[in-house]
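Dear colleague,

Here is the structure I promised to pass on to you. Please look through it first; my notes on what was found follow below.

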Amino acid sequence: MSGAPAGRLKSILGGSAGNLVEWFDWYVYSAFGLYFAPVFFPEGSPTAQLLSTAAVFAVGFVMRPIGAWIMGIYADRYGRKAGLTVSVTLMCAGSFLIAICPGFAAIGWVAPALLVTARLMQGLSVGGEYGASGVYLSEMAGKSRRGFFSSFQYVTLIAGQLLALGVLLLLQATLTEVQLEGWGWRVPFALGGLLAIIVFRIRRGLMETQSFQNAKKDNHGNEQKKSSGMLLFREHPREAITVMLLTAGGTLAFYAYTTYMQKFLVNTSGFSRETATVVMTAALALYAVIQPAAGALSDRIGRKPLMVGFGVLGLVSTVPIFTTLETVTNPYAAWALVTAALVIVTGYTAINAVVKAELFPAHIRALGVALPYALANTIFGGTAEYVALWLKNEGMERGFYWYVTAMIGVSLIVYLRMRDTGRNSQIIED
């Protein structure tokens, strides 16, 4: 047991709260991109400005595999709690840097350079956060409710995005467009930095997991091999490749339906920025609520049926959903279509962290979860907005819909071929 039930629940809630703030800081960039894009990239059409902003968003993802590698090893060697504390420190620094960074008009190209630097720091943080938090929640949860409790990683991830949109709605209601574009967009970055300081204190007080304690020595009392990238790909290549391929379609669909969708509703469907924000906030709220239900269902019927369900439904519905949204003018209809897409991708998001954690032994689990995921996430998730906007700019917007569909198909093949990790888990503690 990882402590008494009350202590275990407190640790799960504490880890989840920290994850929320981490992802709030990460998603504020996307939520407010429509307002600060002209500040850092003043030249060109709105689509060109968004394209430059999306490129910086993608650059942040470049650091995620590096963060996953460094902090995955750190969390395997020094503890999940230690990894979580380091990741939030980096996120805090990145948020404050964006909040105070002058615009292009004041310091020229130094401004976008500083923006890139801040996103690199945040990418390093998030790269480590996914593995550390996913493993922490999976290990801290009891065997019979592992799917349920680990789903809170995406509950808080989505809640972070919702909080970012909520702050956007509040500022849209209280500030003018000129104020938002002038200085209002800086407010959420400053808020994120302050919240990260609070999370730092919370994470310092978390319990360590029993899996990490047990992993220090093997069954014969000998020291375990130390976590490293070479050890991961030499001794667990099949599992690492499986994580990359099962992530590819899921992460691309997630970013297409969440971070890019807000821009799609404005740039393609023709909704106002305020209406698009409301539509996405309402859709994401329901999306967050159903994550634990899907996680609990996986505890009863297994992980594999949910992932296969996402793969099949995503394969047949992605193109129809996007093409219908192109001409939708009713915000309620837009909400229904976006919500349908998010319900489908829940088959991946609710359980992806626990599935990955259950593939690896404890001494290399944080790195095994974080690094292959981060590589796939960088290639497919981090570039989703850029690819979508580039194809639109080139007059081939529907190519993006087929791209998402194809990658979901690749992941579906993996889901069909892999064993159900819920029934063959490497997490041996109850």
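Is Cys101 buried or exposed? In this model, which is a predicted one, Cys101 has a relative accessibility of 3% and therefore counts as buried. Cys92 is likewise buried, with a relative accessible area of 12%. A search of the whole structure finds 0 disulfides, and Cys92 is accordingly in none, the nearest cysteine sulfur being that of Cys101, 16 Å away. For Cys101 the closest cysteine sulfur is the one in Cys92, and because the two are 16 Å apart, they are too far from each other for a bond, given that a disulfide requires sulfur atoms within 2.5 Å.

Turning to the interior, the largest nonpolar core has 115 residues, and the members that touch the most others are Phe32, Tyr257 and Phe400. If neighbours within four places in sequence are left aside, Tyr257 is in contact with Met280, Thr318, Phe322, Val338, Ala341, Leu342, Val345 and Ile408. Another core, of 10 residues, lies apart from the largest one, and Leu137, Met140, Phe149 and Leu206 are among its members.

The open spaces come next. The largest pocket, with a volume of about 450 Å³, is lined by 17 residues, and those lying nearest its centre are Arg238, Thr242, Leu359, Met418 and Arg419. Two helices, α13 (237-257) and α21 (398-417), each supply at least two residues of this lining, and α13 gives the most, with 6 residues. When the lining of the largest pocket is sorted by class, 7 residues are nonpolar, 4 are polar and 6 are charged.

As for enclosed spaces, the structure holds 2 cavities of 30 Å³ or more, and the largest cavity has a volume of about 80 Å³. Its lining includes Tyr27, Ser30 and Ala31, together with Gln161, Ala164 and Leu165, and also Thr258, Thr259, Gln262, Met280 and Leu284. The helices α1 (5-31), α8 (152-174), α14 (259-267) and α15 (273-301) each supply at least two residues of that lining, which divides into 6 nonpolar residues, 5 polar residues and no charged ones. Met280 links two parts of this account, since Met280 is in the lining of the largest cavity and is also in contact with Tyr257.

With best wishes

Definitions and conventions:
Residues numbered from 1 in each chain as written. Predicted model: local features only at pLDDT ≥ 70, side-chain atom pairs only at ≥ 80, totals over all residues. Heavy atoms only, no water. Core = buried A, V, L, I, M, F, W, Y, C linked by side-chain atoms within 4.5 Å. Buried < 20%, exposed > 50% of the residue type's maximum accessible area, 1.4 Å probe, protein only. Contact = heavy atoms within 4.5 Å. 1 Å grid on protein atoms, 1.4 Å probe; cavity = no way out; pocket = protein on both sides within 12 Å on 5 of 7 lines; lining within 4 Å. Points joined across faces, edges and corners; volume = space filled by probe spheres on them. Helix = DSSP H or I, 4+ residues; strand = E, 2+ residues; numbered from the N terminus. Nonpolar A, V, L, I, M, F, W, Y, C, P; charged D, E, K, R; others polar.
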